[in-house]
Amino acid sequence: MKNSLFALSLLLTVVSVKAQRAPQKTITFDNKVTDLVIVPVNGIAVISEGEKIHGYSPIDESLIWSVEAPKKSDVNKAAQVLTTGNLNASADFTVIEDTPFVQKFIDDQLYVFNSITGEAIFNSKDKERYFQAEYLFNENALLLRGIDDKNLIIAKYSLTKKEMDWKTTVSTTYGAFLQSMAKLSGNDTAGLRDVMDYSDDKIFVLVKSKFYVLNKANGNLLWKEEDATVADFKVTNDAKKLITVQTKGLLSQKSLINLHDANTGAKIWDDPLTTKYLVLFEDWQDKMLLAHYKGFNFYNYETGEKTWAKDPKGKGIKSVIPIGSDFLYVYDDEMMLLDKNGEKAWKKDVSISDDEEDPIYFLEQTNNNRILYVTATYANMVDYKTGQKIWKGNLKLNEKRPTFAKYDETRGDFVIFNDEELYRFNQTTDEKPKPYAKLKLKNEKLINSLEIFENNVSISGDSEVVGVDSSGNVIFHNKYVQPGEAGRRLMKTALIAGQVAGSVATTNVTVTTTYRDSEGNVTSNSNSYDVFGKKAAAIGEAGYYSGKFGQQFVKSRFRAMQETDNYSIIFAKGDNGEKLLIKVDKESGAEIDKIIMENNKPIYDVDYVSDDIYYSNNKEVQIFMAAE
């Protein structure tokens, strides 16, 4: 996943360039480098230049493979609309999550490469155009979605046999539907989802607003829903039933929730549940917990009857949080705790804000049996058993100013930022906190993150980064000027920041599946693996880890892949107009690395395990190895 470690801040500032350094390694190619990506599980950099694709090994510090890239021609924009409904589909390398595989679109056609060998493990040799691939870990196969002329097809490709297991046309009208949608929306597909999910025996596909269910073994289309606008679906743990959420009305302001037999699509309820939106779905084996805008109850799968005689009071339900066998639910401007029988656990509802429209910034149980809530107007802690507020009065917040809240579960500390003030308190405190730091920010409306470190708190945004110690002293305050037109152009071409956590398989050697039984008890099934997680074990069993990139090497990288927000990558301007890529430590405010950028559209990626930065400059890839 590109730039998955760092929070990317596209800022323009004037900084000293004395710390600039040369790359430790430079790879020179015959043609201009057009794309590169680092594969998280093995650290291999996949590089595209001219008509070739290469793999660079950080172990060997050299190219370990080079292959001819598929020939390119002018992109068929009409086909692209048919394929994705969007003229802006990315042609960059992307990593298939939790695998050593990368995919790339060339002439709207999908190619999948093994980053260890450079082998093209999949590309369509027929007239079909595929545009989505999911790896089936337990089968060493790819689940594919694509089109054949104007037909929508779903397919399963066996990587072991190197052939299609099956290929199914699920819709003959998909192309016409997308063309009409493109004309109406101007190719704006915002709010429409494309999802492929699967169970042991079924495949569930939501494409834009059309829904399909297939037999996983043979690809037979079991049923479909094309007439209604399906916005979402939820499947039970045994995959025998599912709900669809259909939208209706102007601006899709009404939702119809239907319960289906997952094998046949038959509707189990005579009438759908009509509401504004779905809040929560939980499978309890013989019934489901369903929370929506107008209500909150259990529904019997067979009859659709409610378990509780009446829904808990209040419309405008915002959130339902299962805690053990209890439920904390928020509606309007209040919250209440219910037991599994729907009975109130507290004597009265707890008011948490002045206005039912106020957003909730934090709502969570602490380690000492309390609940902290932070809304736009109030903050307080509540005794979990009694519902009594801990502080005599709410901590009053300015609803017109930005608010951030963070909980350090290890220490039990909370930090709240509001109206240029910081509050820090422990989960055991019985006294309403007072601000321990007052700041003078350049533009608090542009603040977008709050991080807790051992010795200080860091606040950062688009125009500044601030560090405050435990005594409330500002230990650094880096101010930046936002980019002008050149910076905005750069922003559009830069790689989007994200978190590492979702890009790799679990590091745990024990994999646990948690669900609820019919009584609401949390049940867990645990299975141990010799390697480092279920998905990684499946990849190893399929034979993709070998030699220098064997299981122990990959295991060490998996263990290092932990979510972190310690660093930012900042685009800046030097004293003499140099374009710089600066690595900033958010804990100390120190600029710990500076790299000169010689183009306005930098192509780069970061190996966050080693902290090495790969940057392409024309025909070169420069590798800046992290300082020891």
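**Entry 1. Terms and model.** Strands are DSSP runs of at least two residues in state E, and I number them from the N terminus. I note at the outset that the model is predicted.

**Entry 2. Ser 124.** I first looked up where Ser 124 sits. Ser 124 belongs to the loop between β11 (120–123) and β12 (129–136). Is Ser 124 buried or exposed? I record Ser 124 as buried, because its relative accessible area is 13% and the limit for buried is under 20%. I then listed what Ser 124 touches, leaving out residues up to four places away in sequence: Gln 109, Leu 110 and Tyr 130. I also found a polar atom of the Ser 124 side chain 3.3 Å from the backbone oxygen of Glu 128.

**Entry 3. Two loop residues with positive phi.** I looked next at backbone angles. Glu 61 has a phi near 55°, which is positive although the residue is not glycine. Its place is the loop between β6 (52–57) and β7 (62–68). With a relative accessible area of 38%, Glu 61 is partly exposed.

Asp 149 likewise is a residue other than glycine with a positive phi, near 60°. I located Asp 149 in the loop between β13 (141–148) and β14 (151–158). I enter Asp 149 as exposed, because its relative accessible area is 60% and exposed begins over 50%.

**Entry 4. Gly 146.** I moved to Gly 146, which lies in strand β13. How accessible is Gly 146? Its relative accessible area is 0%, so I list it as buried. Beyond its neighbours within four places in sequence, Gly 146 contacts Arg 129, Tyr 130, Phe 131, Asn 151, Leu 152 and Ile 153. I also noted the C-alpha distance from Gly 146 to Ala 133: it is 9.2 Å, for a separation of 13 residues in sequence.

**Entry 5. Ser 449.** I looked up a second serine, Ser 449, and found it in strand β39 (residues 447–452). Ser 449 is buried, at 14% relative accessible area. Which side chain does Ser 449 join in a polar contact of 2.5 Å? The partner is the side chain of Ser 460. Setting aside neighbours within four places, I count Ser 460 among the contacts of Ser 449, together with Phe 404, Ser 458, Ile 459 and Lys 586. Lys 406 is 43 residues from Ser 449 along the chain, and their C-alpha atoms are 9.6 Å apart.

**Entry 6. Salt bridges.** How many salt bridges does a search of the whole structure find? I record 24.

I examined several in turn. Lys 161 and Asp 165 form one through their side chains, with N and O 2.8 Å apart. Asp 165 is partly exposed, because its relative accessible area is 31%.

Arg 401 and Asp 419 form another, and their closest N and O atoms are 2.8 Å apart. This pair links distant parts of the chain, 18 residues apart: Arg 401 is in the loop between β34 (395–396) and β35 (403–408), and Asp 419 is in the loop between β36 (413–418) and β37 (421–426). I enter both partners as partly exposed, Asp 419 at 26% and Arg 401 at 28%.

In the salt bridge between Asp 413 and Arg 424, the closest N and O atoms are 3.9 Å apart. Here strand β36 holds Asp 413 and strand β37 holds Arg 424, eleven residues apart in the chain. Arg 424 is partly exposed at 22%, whereas Asp 413 is buried at 15%, because the dividing value is 20%. I found, too, that Glu 139, Lys 156 and Lys 216 belong to one network of salt bridges with shared partners.

**Entry 7. Nonpolar cores.** I closed with the cores. The largest nonpolar core has 28 residues, and Phe 296, Val 320, Leu 328, Met 335, Trp 346 and Tyr 373 have the most contacts inside it. Strands that each supply at least two residues of this core include β25 (287–292), β26 (295–300) and β27 (317–323). Which strand gives the largest share of this core? It is β28, with five residues.

I then listed the contacts of Val 320, not counting residues up to four places away: Val 279, Leu 280, Ala 291, Phe 296, Phe 327, Leu 328 and Tyr 329. A second, separate core has 19 residues, among them Ile 96, Leu 110, Tyr 130 and Ile 539. I met Leu 110 and Tyr 130 earlier, as contacts of Ser 124.

Definitions and conventions. Residues are numbered from 1 along each chain as its sequence is written. This is a predicted model: local features need pLDDT of at least 70, side-chain atom pairs count only at pLDDT 80 or more; totals for chains, interfaces and linings use all residues. Side-chain values use heavy atoms; hydrogens and water are left out. A salt bridge is a side-chain nitrogen of Lys or Arg within 4 Å of a carboxyl oxygen of Asp or Glu. Buried means under 20% relative accessible area, exposed over 50%, partly exposed in between (1.4 Å probe, protein chains only). Helices (H or I, at least four residues) and strands (E, at least two) are DSSP runs, numbered from the N terminus. A polar contact is a pair of N or O atoms within 3.5 Å; within protein, one must be able to donate a hydrogen and the other to accept it, and residues adjacent in sequence count only if both atoms are side-chain atoms. Contact means heavy atoms within 4.5 Å. A nonpolar core is a set of buried Ala, Val, Leu, Ile, Met, Phe, Trp, Tyr and Cys residues joined through side-chain atoms within 4.5 Å.
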